[in-house]
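Student: I have a structure to read and would like to know how its descriptions are justified. Please take me through the terms one at a time.

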Amino acid sequence: MVGRKCLLLTIFAVLASVLDGQTLGGPMHGKVVVCYVATWAVYRPGAGKFDLSDIDPTLCTHLIYSFAGLDQSTGGIKSLDPWQDLEKDYGKGGYKRLVSLKAKYPHLKVTVAIGGWNEGSSKYSEMASKNETRAKFVQSVVQFLDTYNFDGLDLDWEYPTKRGGAPEDKANYVAMVKELKDAFESRGYILTAALGAGKDTMDSAYDLAKLSRYLDFIHMMCYDYHGTWDKIVGANAPLRGTTDDDVLSVEYTIKYMLSHGVSPYKLVLGLPLYGRNFYLTNPAERNIKFGVTPVKDVGFSGPFTRENGFIGYNEICMEITNKSSKWSHHWDERSSTAYLRDNDRVITYDNPRSIAIKVKMAIDYGLGGLMVWSMDTDDFKGSCDKEADTYLDYVERYEEIKDDPVLMKALKNLKLPDANRIENLSRRTSYVAANNKLHLRLPEPEYSNYIIMRTINDATTLALEEKRIFDEMKRVTKENEVTPGDDPGASSMMYGSVLCVAMGVLLLQVLV
C-alpha cells in the first residue's frame, strides 16, 4: 500500500511539473516565439549590458544569434566579432554558449542570422547574381552550421533591390533561398528570413509566394514604419495607419503578405522592444497628432543603446519608473500606441498593452507566432514597475460577451476548466466556467523581469482561448440561423433524417 501511494505521489508530481511547463522548458501555447539576440549589447554600459547569460530560454522557442556577415573575399559566411563569437585566441565563445543552452532547454532551436542593416545590400546582391557565387555561399553556410552546431540560418539581407542592389535581386533572392533549402534538406536545418514590412520594399524585393514555399518561417519586421526621418511624430509600429489609405501599418503588412501567397502559419509577426523619439519643432504645441505634428530630423539617445532617435523599452520604463520623472502618459487609439511627452521631447513606443493587442491580431489572422527585435532591450533586469492596463482591451471584450445568450450555449460545447476547482487549474488557463457563466482570470506575473516577453506569452495563451470562444459563438449562431420562409419544423425533420441515415451508415460499418 505504501509503495502504491508513493507511486501515485510521484505521478502527480510529474503531472504537476508538466502542467507548470517545467518539463518542456518553454512556451506551451503552440505558437513560435522567435527571439533575436543583438550580441553587441554586451558592450553597452551599466545596467544596459546584456550578456548571453541574461537570456531566459523559457520565454522563446527559437533564439537567433545576430549577426554573422558575408566575406567579400571568399564569398562565404563569416563571424563579425571573432573575439565575442569564437573560442580562438581566448575568445568568449558566443556561438558555443548559445547553442549549449539546448542541452538544458531541449525545446529550443538556435540559429544564426546573416546580414543586418550595417552589412548593407550591395555585396549580397553581387553574391546572389551568379550561380557559382551562390553555390560557394551555400557550401560555406552548410559548413558553418555543421562546425558550430546551429539549427539553421536566418537571412537578414536589408534589402534586395534596395540600398545599392539591382532589380534582378528579386529573382536571385528566390534562387538563393531555394538552393539553401535544397542543401539543408538532408541535414534538417531550418531556413528563415527577416523581411522588410514597408510596401515599397515588399513590392520591389520579394516574390512572396515563392519565398513562402521554401522558407520555414518568414519573420516580418513590423517596426520602423516611422521615425525622425519623416519629420513628423509617428508610431514606430502602428497597428493601423493614420488613415484608411495608409499602407504603413502592421495590419496592412499582414494583409499584404497573406494576399500575396504567404501561408499564415509561416508568417511570424515581428514586435519591437524599443521605441522612437522626437524633438518637437514647436515646444509650445499643445496636442500631439500622429502623422501631423512636426518634429526635428534628429532625436535623442538612450543611456544604454546610445542611438539617435532610438530608445529601448528598458530605457523607457526606467525613465517612467523614476518618481521624479516629468513624462506625461498618453495613448493613441487608432494606432494602439503608447507615447510619452516631456516638454519638447516625445517617445512613441510599444508598452505591454499595445503588445497584447498586436498578439491578439496575430492570433486572429492565424499567424505562426511572434518575433521580437530584440530581447536585450526588454526589461531583462526587472528594474521597472508593472503596468496596470496590459489586458484592458481583453477585459472590455469579455464584458461585452459575458452575458450573451449565445455564449451560454457555446459554453456547453467548449468544456472549459471549472472555476469552482480553481486550485487545480493551470496558471496558463485564462477563461474558465462556473455556474454556466464565463469567467476571465488575467495572467498574474510570477517574475519581475522581461515584462514584454512575458506579456507576449501570456497574451498568446489568452488570445488563443478567446478566439476559441468567439469561433464557437459564431458556429452556434450560424447553426441556429433559419432562412426566412423556411419551416423550422421541416428543418428539424430534415436534420433528424440526416442523423438517422448517418447512424445507419455507421452501424453498417461496425457490422462489416
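**Terms and the values behind them**

Tutor: Ser 374 is found in the loop between β14 (369–373) and α13. Keep in mind that this is a predicted model.

Student: What kind of peptide bond joins Trp 373 and Ser 374, and what is omega there?

Tutor: The bond between Trp 373 and Ser 374 is cis, with an omega of about -20°. Glu 158 and Tyr 159 are also joined by a cis peptide bond, and omega there is about 0°. Tyr 159 lies in the loop between β5 (152–156) and α7 (169–185).

Student: What makes the phi of Asp 89 worth listing?

Tutor: Phi of Asp 89 is near 55°, which is a positive value in a residue other than glycine. Asp 89 belongs to the loop between α2 and α3 (94–99).

Student: Why are α12 and α13 called oblique to each other?

Tutor: The axes of α12 (residues 352–364) and α13 (residues 392–401) cross at roughly 55° and come within 8 Å. Angles of 65 to 115 degrees count as roughly perpendicular, and those under 35 degrees as roughly parallel. The crossing angle of roughly 55° fits neither range, and the two helices are therefore oblique.

Student: How do you know that α12 and α13 touch, and which residues meet?

Tutor: Contact means heavy atoms within 4.5 Å. On the α12 side the residues are Arg 353, Ala 356, Ile 357 and Lys 360, and they meet Leu 392, Asp 393, Tyr 394 and Arg 397 in α13. By class, the residues of this contact are four nonpolar, no polar and four charged.

Student: How do you know that β11 and β12 are paired?

Tutor: A pair needs at least two bridges. Strand β11 (residues 328–332) and strand β12 (residues 337–342) have five bridges, in the antiparallel sense, so the pairing condition is met. In this pair, His 330 stands opposite Tyr 339 in β12. The two strands form a hairpin with four residues between them, and Ser 336 in the turn has a positive phi of about 50°.

Student: How many bridges join β12 to β13?

Tutor: Five bridges join β12 to β13 (residues 345–349), and the two strands run antiparallel. Here Leu 340 stands opposite Ile 347 in β13.

Student: Why are β10 and β11 said to stand at the edges of the sheet?

Tutor: The sheet is open and has five strands in the order β10-β9-β13-β12-β11, with antiparallel pairing. β10 (310–312) and β11 each have a single partner strand, so one side of each is left without a neighbour in the sheet. Neighbouring strands are turned by 30° against each other on average, direction ignored. Helix α11 (residues 313–321) packs on this sheet, touching β9, β10, β11, β12 and β13, and its direction makes about 75° with that of β10.

Student: What lines the largest pocket, and which residues lie nearest its centre?

Tutor: The largest pocket has a volume of about 1,400 Å³. There are 46 lining residues, of which Trp 117, Glu 158, Tyr 159, Asp 224 and Arg 276 lie nearest the centre. Elements giving two or more residues to the lining are β2 (62–71), α2 (82–85), α8 (199–205) and β9 (274–279). The largest share, three residues, comes from α8. The lining divides into 18 nonpolar, twelve polar and 16 charged residues.

Methods:
Residues numbered from 1 in each chain as written. Predicted model: local features only at pLDDT ≥ 70, side-chain atom pairs only at ≥ 80, totals over all residues. Heavy atoms only, no water. Axes fitted to C-alpha atoms, helices over the stretch in contact; angles between N-to-C directions. Parallel < 35°, antiparallel > 145°, perpendicular 65-115°, else oblique. Nonpolar A, V, L, I, M, F, W, Y, C, P; charged D, E, K, R; others polar. 1 Å grid on protein atoms, 1.4 Å probe; cavity = no way out; pocket = protein on both sides within 12 Å on 5 of 7 lines; lining within 4 Å. Points joined across faces, edges and corners; volume = space filled by probe spheres on them.
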